[in-house]
Amino acid sequence: MSYASVMERVAAAADRTGRDLDEITVVAVSKTMSVDQIMDVYEQGHRVFGENKAQELAEKAPQLPDDIQWHYVGTLQSNKARLVRGVAVLLHSMDRRSLASAWMKGKGQAPPVLAQVNVGREPQKSGIDPNRIEEELAWMFATGLDVRGLMAIPPIPTDPEDSRPHFRLLRQMRDRARGTHPTVTELSMGMTDDFEVAIEEGSSLIRVGRAIFGPRKSTGE
């Protein structure tokens with residue numbers, strides 16, 4: 001696959017569901033990719049990239065154009081929040097109170113965040129239990145976090161349709177939360193194996209790595 005083919009598939013999925021393409025942001029997940037590989041996609045016109053390691057983001061960002069919008073999409077250790085806070089325009093993985101406290105420290109306004117939900121209730125994954133999302137969102141807003149939406153990483157699908165119930169659950173949680181917290185509008189869901197289903201279910205941010213960059217040096221998305 002390639003960047004061009006991914007963008008074509010995104011456009012087709014949006015068209016099938018009558019969605020405006022401008023509602024959908026493709027986050028090109030560039031973890032383990034070199035600066036040259038990122039520049040190749042940049043030169044094709046893309047500007048939104050995602051990393052999942054704080055140190056890797058801190059090292060790459062200064063070597064790349066200033067108009068790149070960096071998203072942080074991985075689990076973040078509280079003691080490394082400062083490395084991400086000054087670079088990322090959006091943190092997708094706000095999942096616990098200790099991280100929220102660390103994120104709020106520092107000069108200036110902390111960048112906005114998405115609350116990560118463990119939709120599959122998988123013990124090995126980070127994320128807020130779906131039964132506690134309303135309570136945790138209330139705490140986050142009381143703390144002063146700028147929460148813009150929800151994010152999820154469902155169980156790895158054998159078929160893209162396997163992810164649909166999890167995406168639908170996240171959308172329903174977002175819709176309920178928006179009644180109390182109007183800024184909770186974004187849905188970060190969908191990766192290489194299921195991003196078209198995610199678009200059909202209302203995703204506004206899809207995190208696509210392998211389909212854009214090809215196989216990685218390490219396992220994972």
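**View 1. R9 and its partner in helix α8.** In this predicted model, R9 is partly exposed, with a relative accessibility of 24%. Its side chain meets that of E196 in a salt bridge, with 2.6 Å from N to O. The pair links distant parts of the chain: R9 belongs to helix α1 (residues 3-16) and E196 to helix α8 (residues 195-200), and the two are 187 residues apart. E196 is partly exposed as well, because its relative accessible area of 23% is not under the 20% that marks a buried residue.

**View 2. A salt bridge within helix α3.** Here we look at K60 and E56, whose side chains meet in a salt bridge of 2.6 Å, N to O. Both residues sit in helix α3 (residues 54-60), four residues apart, which is about one turn of the helix. K60 and E56 are both buried.

**View 3. Helix α5 meets helix α6.** R97 and E136 join their side chains in a salt bridge, at 3.1 Å from N to O. This pair, too, links distant parts of the chain, with R97 in helix α5 (residues 97-104) and E136 in helix α6 (residues 133-143), 39 residues apart. Buried or exposed: which word fits E136? E136 is buried, because its relative accessible area is 4%, under the 20% cut-off. R97, at 32% relative accessibility, counts as partly exposed.

**View 4. A network of shared partners.** Some salt bridges share partners, and in this way R16, E161, R164, R168, R171, E200 and E201 are joined into one network. For the whole model, the count comes to 22 salt bridges. Side chains of opposite charge can pair when their charged atoms come close.

Technical notes: Residues numbered from 1 in each chain as written. Predicted model: local features only at pLDDT ≥ 70, side-chain atom pairs only at ≥ 80, totals over all residues. Heavy atoms only, no water. Salt bridge = Lys/Arg side-chain N within 4 Å of Asp/Glu carboxyl O. Buried < 20%, exposed > 50% of the residue type's maximum accessible area, 1.4 Å probe, protein only.
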